[in-house]
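Open the model in your viewer and keep the sequence panel beside it. The tour below goes stop by stop, with a selection to make at each one.

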Amino acid sequence: MLPFKQRFFVFEKCKGGNTMARETKTIQMYPDDDAINQAISLWENFGWEVIGNQRCQEFKKQDSDGTQHFETFNKITFSRDKSASWYGKVAELEQEYIATENELQSKSKQGNPYKKPGIIAPLIAAVVLAFAGYKFLSGVLRYIIMGVGFLLPIVIYIIRIASYNKHKDEIERKESEWYAKVSDMRQRLKDILEEAEALING
């Protein structure tokens, strides 16, 4: 998902009897100058022009003692000429950029699904479960839960690593394809920006 909210609306601006269609986009961002400048630079690649940049505060809640909490953000408004010769193609590239960026961020958030199982997490889980059994239980049940809690993550790891080794070639092939897909998507984002810029400036 893109690192800011987006809202779109279209208005018609009349001047001298001629109607010129303008498209307007408003985004809301946390008040970070670097992030704001990056966002402005990004959307300028698609023909958007900044027509407003306002720092705002929005009431969020009030505590029982009367303390009020507000969220501070910047509201940036862009405008773009829909009658420009490049508009149709650039708008298509923009939608492709957004879809590709969303998919890439989703993949990055989920991580590599074909990664080889690690031993560190199961060992930590085993120690934590065993300690929990020792700390909160007593008698025979304590030792049963300690033993099961320690062994269960290890057994699950052994099963997972055995499955991984059994299908290692196929998994490594899929892992390579996954990384290649991510690389292609990143390159496509760069290509889209270059194509859009060439259309507008050409």
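Select Lys25 to begin; in this predicted model Lys25 sits in strand 2, which covers residues 18–29. Is Lys25 buried or exposed? Its relative accessibility is 0%, so Lys25 counts as buried, the cut-off for buried being under 20%. Now show the side chain of Glu94 as well: the side chains of Lys25 and Glu94 are joined by a polar contact of 3.0 Å.

**The hairpin of strands 3 and 4**

Next, select residues 49–62, which are strand 3, together with residues 68–81, which are strand 4. The two strands run antiparallel, and twelve bridges join them. Two pairs are worth picking out. Phe59 has Phe70 of strand 4 opposite, and Asn53 has Ile76 in strand 4 as its bridge partner.

Go to the turn of this hairpin, where five residues lie between the strands. Select Gly66 there; Gly66 has a positive phi near 95 degrees.

Go back to strand 3 and select Val50, which belongs to that strand. Val50 has a relative accessible area of 35% and is therefore partly exposed. Which residues does Val50 touch, once its neighbours within four places in sequence are left aside? They are Ile40, Ile76, Thr77 and Phe78. Ile76, one of these contacts, is also the bridge partner of Asn53.

For a view across the model, draw a distance from Val50 to Phe136. These residues are 86 apart along the chain, and their C-alpha atoms are separated by 60 Å.

**Helix 2 and a contact distant in sequence**

Select residues 87–110, which form helix 2, and pick Glu96 within that helix. With a relative accessible area of 29%, Glu96 is partly exposed. Apart from neighbours within four places in sequence, Glu96 is in contact with Arg188 and Ile192. Label Arg188 too: Glu96 and Arg188 are 92 residues apart in sequence, and the C-alpha to C-alpha distance is 9.5 Å.

**Helix 3 against helix 4**

Select helix 3, residues 120–136, and helix 4, residues 139–166. At what angle do the axes of helix 3 and helix 4 cross? The crossing is at roughly 170 degrees, and the axes come within 7 Å. Helix 3 and helix 4 are therefore roughly antiparallel to each other, since an angle over 145 degrees counts as such. On the side of helix 3, the contact is made by Pro122, Leu123, Ala125, Ala126, Val127, Leu129, Ala130, Gly133 and Tyr134. On the side of helix 4, show Arg142, Ile145, Met146, Gly149, Phe150, Pro153, Ile154 and Tyr157. Colour this set by class, and the contact divides into 14 nonpolar, two polar and one charged residues.

While helix 4 is on screen, pick Val155, which has its place in that helix. Val155 counts as partly exposed because its relative accessibility is 41%. Draw the distance from Val155 to Pro122: the two are 33 residues apart along the chain, with C-alpha atoms separated by 9.1 Å.

**Helix 4 against helix 5**

Keep helix 4 and add helix 5, residues 168–201. Here the axes are 5 Å apart, and the helices pack at an angle of about 80 degrees. That angle makes helix 4 roughly perpendicular to helix 5, because 65 to 115 degrees counts as roughly perpendicular. Helix 4 brings Tyr164, Asn165 and Lys166 to the contact, and helix 5 brings Lys168, Ile171 and Glu172. By class, the residues of this contact are two nonpolar, one polar and three charged.

For the last stop, select Ser176, also in helix 5. Its relative accessible area of 47% means that Ser176 is partly exposed. Add Tyr114 to the view: Ser176 and Tyr114 lie 62 residues apart in sequence and 9.2 Å apart in space, C-alpha to C-alpha.

Terms used: Residues numbered from 1 in each chain as written. Predicted model: local features only at pLDDT ≥ 70, side-chain atom pairs only at ≥ 80, totals over all residues. Heavy atoms only, no water. Helix = DSSP H or I, 4+ residues; strand = E, 2+ residues; numbered from the N terminus. Buried < 20%, exposed > 50% of the residue type's maximum accessible area, 1.4 Å probe, protein only. Polar contact = N/O pair within 3.5 Å; in protein donor to acceptor, adjacent residues only side chain to side chain. Pairing = 2+ DSSP bridges. Axes fitted to C-alpha atoms, helices over the stretch in contact; angles between N-to-C directions. Parallel < 35°, antiparallel > 145°, perpendicular 65-115°, else oblique. Contact = heavy atoms within 4.5 Å. Nonpolar A, V, L, I, M, F, W, Y, C, P; charged D, E, K, R; others polar.
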